[in-house]
Amino acid sequence: MPSHAQNQDQSRPSPTPTPTPAGGDPLGRERDHLASSRAALRAMRADVEAMDISDVSGNWVDAKVLAAAHAARIVALADLADTPLFFGRLDYDHAPGAEEAEGAEGESFYIGRRHVHDAAGDPMVIDWRAPVSQPFYRASRAEPLGVLLRRRFGYTGGELTAYEDEHLTDPGEAETASKLLQTEIERPRVGPMRDIVATIQPEQDEIVRAGVTGTVCVQGAPGTGKTAVGLHRVAYLLYAHRERLARAGTLVIGPNASFLRYIEQVLPALGELHVRQATVDSLVAHVPVRGADSAEAARVKGDARMAEVLRRAVRSGIRMPKEPVVVVRGSRRWRVPVYELEEIVRELAGRDIRYGAAHDALPQRIAHAVLVQMERAGEAPDDRVQDAVARNSAVKAAVKACWPPVDPAKLVLRLLSDAEFLARAADGILDPEEQRTVLWDKPARGLASAKWSAADAVLVDEAQDLVQRTPSLGHVVLDEAQDLSPMQYRAVGRRCSTGSATVLGDIAQGTTPWATASWAEALRHLGKPGARIEELTRGFRVPREVIGYASLLLPQIAPDLAPATSVREAGGDFAVRAVAEGELETAVLDACGTALEHEGSVGLIAADPGIPALAAALTAAGLPFLAPGEETSADARLTLVPASLAKGLEYDYVVLAEPAAIVAAEPDPRTGLRRLYVTLTRAVSGLTVLHAEPLPEALAS
């Protein structure tokens, strides 16, 4: 794979994308095309800015919507100087989509993050999501897909400095790994997560471009790019199905706020500015979370059986009528007998509709029974009469007695406070010990004083959906999905019940006592049992030696998973050092100082209980540090990371303090070893493990 680098511009070509002729100065021509493309993008933005939209709306609401769309379009057309406008080029042997003919001229396309056209409307850069761009990621010597040449570009600080060619139909060219691709993968991480649009691999691209109607589950080992794949899939779906998803909405769900801050700039960099991000906790924030459950209580509350307990509790207030309904209108009295009322109530109770919908339907059904009597008596009532009868005090009283309104939060409060009420709802579902486990030790006096836990909030969300259906979005991306409880899966599934989902995770990184045992089980709780499951095992982030060391834990934490492999050519800086008791803190400070001598970000990861002491030590040593999710910069590159927040984050160099303490901080050994596996796989270039206590057995050999 020939590579070319040069540092001086020479000739000025036409801005129209054409195959580079032999000889001359190809790099100079590519730089000129970059300059012309940037000028065209500026012209596109200027055209939008010059648009007068003051008199094109029929009302002030439309005007505001149009103004917001206009402003967003201007933002989307911004030219970021340090972001390459294009990163590749494809030379086709004939026009894509056209029949190959003798003597037909080929076409060239520059592939970038967004579409750019010249004043005549001819494309200068093609959006990476367009069909014509797909061979950039999929073409190979075995299957060139009509591509003669694939060119990758190398940049330094936004300046085009090199290119690398693959002649896919040339049998004489040796097949070698792309140096530019390797350099981009290994580029130091400073700041938030960046897109991987220039380095998407074929197996990743297949997931990214999967259809919008189906749900895809990605089992991805550390460093395989599953989070980036999920985000790029959102960007692709919004490109390919923009109108559909603009109406229904899209959502990215992450494990915590730090993680969301870390990934928040990826989609805007790809031109998608309106994708909502949330955690599961924020989705179900119907009540303020001020308490915490024991691991066992959280496990039982998160069990799927709680859905049936709640269904029974919601419907426990339904009563059969004891007396007829008598509606007085003018001089006439209309009587609906008990047996007819009972038929109506039983029919609604037997239907698969939400409790609140049935509550709203019941007065209309009673009113309809009255109207039938009116018609038999020769009257001609219309819909207004039916609505008036439904609002009659006698009808309202009957509805309240037979089908009382339910407040979801108050219902869950009663369920967790009243042992008898819980026993009736959980009879045959939860055993007596499990019922005692979920009951609050001190029942709250009311909603305001209740110390709700995160698991309680999920129960309230379930009850809310039983009363009133949760609106569905068009597409949901769920990251770090292995950590969710069955009830949390149900909460997410409600948000995409009529849409699709991209589920991302790694069974080996499940660090909650209720972490899912299999993706088939998780997808069933999510309501997507037929989802396609893909596995990514080729790592692009974690060095070979590091992933090999972490994989020693797999037989104990996820014996059914294949160990990940790394495509990284560099083994990485890797060291495991024992230190004397009482010298760990000093060793940690020295290791952080050494790591900071390198370019890139540094993460100091330790068990949560040890974070305050390390923070004090760093401060005393004059080493400034950040909290997870805060953006690194040239002046602040060290982040102090509690082990519980390390998931999904990555740093060029990681100093890991006391593995045994990380394991011991978790409620059980398996969860502790999984937490350790997560922390060991956060490094991109180097990992230093320091320990005063003995290492876990799997790592000690």
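Two strands count as paired here if DSSP finds at least two bridges between them. Keep that in mind as we walk through this predicted model.

**Stop 1: a pair of strands.** Select residues 250-254, which make up strand 9, together with residues 475-478, which make up strand 13. The two run parallel and are joined by four bridges. For a closer look, pick Leu251: standing opposite, in strand 13, is Val476.

**Stop 2: the whole sheet.** Now widen the selection to the open sheet of six strands, whose order is 10-9-13-14-8-15 with parallel pairing. At its edges you will find strand 10 (276-279) and strand 15 (532-536), each of which pairs on one side only. Turn the view to follow the twist, which averages 15° from one strand to the next.

**Stop 3: a helix across the strands.** Add residues 519-526 to bring up helix 22. This helix lies across strand 8 (216-220), strand 14 (500-505) and strand 15, and runs at about 145° to strand 14.

**Stop 4: an enclosed helix.** Next, select residues 486-494, helix 21. Eight of its nine residues are buried, so helix 21 is largely enclosed by the rest of the structure. Among the buried ones are Pro486, Met487, Tyr489 and Arg494.

**Stop 5: out to the surface.** Finish with Trp60, Val61 and Val65, and switch on the surface display. Together they form a nonpolar patch there, with about 340 Å² of accessible area. Is Val65, which lies in helix 2 (residues 60-76), buried or exposed? Val65 has a relative accessible area of 56%, and exposed means over 50%, so Val65 is exposed.

Note on methods:
Residues are numbered from 1 along each chain as its sequence is written. This is a predicted model: local features need pLDDT of at least 70, side-chain atom pairs count only at pLDDT 80 or more; totals for chains, interfaces and linings use all residues. Side-chain values use heavy atoms; hydrogens and water are left out. Patches are made of residues with over 30% relative accessible area and no salt bridge: like charges are joined within 9 Å, nonpolar side chains (Val, Leu, Ile, Met, Phe, Trp, Tyr) within 5 Å. Accessible areas come from the Shrake-Rupley method with a 1.4 Å probe; for residues, only the protein chains shown count as cover. A salt bridge is a side-chain nitrogen of Lys or Arg within 4 Å of a carboxyl oxygen of Asp or Glu. Buried means under 20% relative accessible area, exposed over 50%, partly exposed in between (1.4 Å probe, protein chains only). Axes are lines fitted to C-alpha atoms, for helices over the stretch in contact, and angles run from 0 to 180 degrees between N-to-C directions. Contact means heavy atoms within 4.5 Å.
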